[in-house]
Amino acid sequence: NKQVILRDFVEGFPKESDMYIATGTVRLDVPEGSTAVLVKNLYLSCDPYMRNRMSNLVGSYIESFKPGSPISGYGVCKVIDSGHPKFKKGDLVWGMTGWEEYSLITAPETLFKIEHTDVPLSYYTGLLGMAGMTAYAGFFKVCFPKKGETVFISAASGAVGQLVGQFAKLTGCYVIGSAGSKEKVDLLKNKFKFDDAFNYKEEPDLNAALKRYFPDGIDIYFENVGGKMLDAVLLNMKVHGRIAACGMISQYNLKQHEAVHNLIQIVVKQIRMEGFIVFGYYSQYPEYLEMVLPQIREGKIAYVEDISEGLESGPAALIGLFSGKNIGKQVVAVARE
Ligand code: NDP
């Protein structure tokens with residue numbers, strides 16, 4: 001059983017060498033009397049929050065990884081053996097699993113059974129899994145968008161951003177995204193049909209860039225990066241604007257978080273900025289599937305994945321999120337079936 005092991009707690013930017021591949025043994029059945037589920041991992045999801053788990057966390061909403069043990073995250077898996085009445089051999093599921101070839105999942109109640117297999121299975125690491133639910137909850141349940149409103153999304157070509165942008169277009173909003181390369185900006189404009197997009201790395205003055213695209217201001221900001229971008233956005237929000245604070249990836253590897261200087265705009269413009277964590281919205285997953293599956297089947301939603309091959313490629317794929325190496329949703333394919 002090949003595994004990706006965390007070497008030690010990480011400080012600063014994570015490196016490939018913070019993880020290593022080891023081979024352990026695994027029993028290919030569930031122990032008698034246990035309600036655990038044994039799965040074969042097919043696709044693993046690379047997510048920015050996993051960086052937090054590489055630190056020695058105190059009082060976080062999530063536990064640290066254990067140095068010397070396999071890391072874990074969302075994945076798509078096939079059930080090999082089950083002691084749980086809800087699952088049987090051959091079922092396909094998505095949820096929390098180990099970064100290894102086979103995992104014994106001792107709390108299988110948290111797994112979602114995959115019922116629709118006419119779409120690629122890897123989609124359940126993103127569009128039809130955690131990233132999709134994040135985009136859905138953050139945009140619709142935190143921002144309450146209306147037709148005609150102006151929407152700005154940072155890290156817009158990534159797993160969550162590409163979906164928020166398309167949900168916003170389907171709602172009839174004017175949508176602008178920022179991303180870190182020309183290739184990503186082209187994707188935003190041509191594939192995801194944003195109204196326009198810009199490369200934030202080539203804008204010496206983010207405030208001026210936002211003024212160019214939003215002369216009358218921003219109604220909704222979907223916040224993925226924090227730092228300087230948040231500061232510039234605050235200057236460009238409309239009165240009664242809403243900010244969904246989904247993530248702040250520019251801050252995750254810093255020992256000291258950057259100061260935000262323009263927070264007073266929240267008062268002046270009566271902005272509602274609300275942080276949210278997707279875990280609190282999973283009860284709405286069936287409702288989300290009901291909305292999004294027809295949109296996928298009718299070709300109304302485009303989806304770009306960046307699939308790296310083999311468990312060994314996992315550490316590089318994971319740390320690539322923090323230099324913007326991924327084009328679209330970063331997935332690691334461990335096995336195809
Ligand atoms: P992405 O697929 O968007 O990958 C991360 C991207 O972030 C990179 O490709 C890069 O794109 C950008 N990035 C990396 N470093 C920086 C930086 N210093 N400044 C600006 N941009 C940077 O990831 P996800 O879509 O999975 O996640 C997007 C955000 O959503 C993250 O902040 C994440 O933590 C958050 N999140 C929150 C959840 C919640 O429950 N609240 C759940 C899931 C995700 P580029 O080339 O454009 O710079």
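**Exercise 1.** What radius of gyration would a compact globule with 337 residues have, and what does the chain have?

*Solution.* The model is predicted; local features need pLDDT of at least 70, side-chain atom pairs count only at pLDDT 80 or more, and totals for chains, interfaces and linings use all residues. Residues are numbered from 1 along each chain as its sequence is written. Start with the rule: 2.2 Å times the number of residues to the power 0.38, with the radius taken over C-alpha atoms. For 337 residues, a compact globule would come near 20 Å. The chain has 20 Å, which agrees. Next, take the extent: the C-alpha trace spans about 65 × 45 × 35 Å along its principal axes.

**Exercise 2.** What percentage of the 337 residues counts as buried?

*Solution.* Apply the cut-off: 20 or more other C-beta atoms within 10 Å of the residue's own, with C-beta atoms placed from the backbone. By this test, 46% of the residues are buried.

**Exercise 3.** Describe the shell around the ligand.

*Solution.* Begin with the nearest residues. Of the 29 around the ligand (C-beta atom, placed from the backbone, within 6 Å), Gly158, Gly180, Gly247, Ser250 and Gly324 come nearest. Then sort by type: 15 nonpolar, 11 polar and 3 charged. Gly counts as polar here. Now turn to the helices (DSSP runs of H or I, at least four residues). Helix 2 (130–143) and helix 3 (159–171) each supply at least two shell residues. Helix 3 gives the most, with 3 residues.

**Exercise 4.** Why does the ligand lie between domain 1 and domain 2?

*Solution.* Take the bounds, from an automatic or database domain assignment: domain 1 is 2–127 + 303–333, and domain 2 is 131–279. Both give residues to the shell, so the ligand lies between them.

Technical notes
Buried ≥ 20, exposed ≤ 12 C-beta atoms within 10 Å, placed from the backbone.
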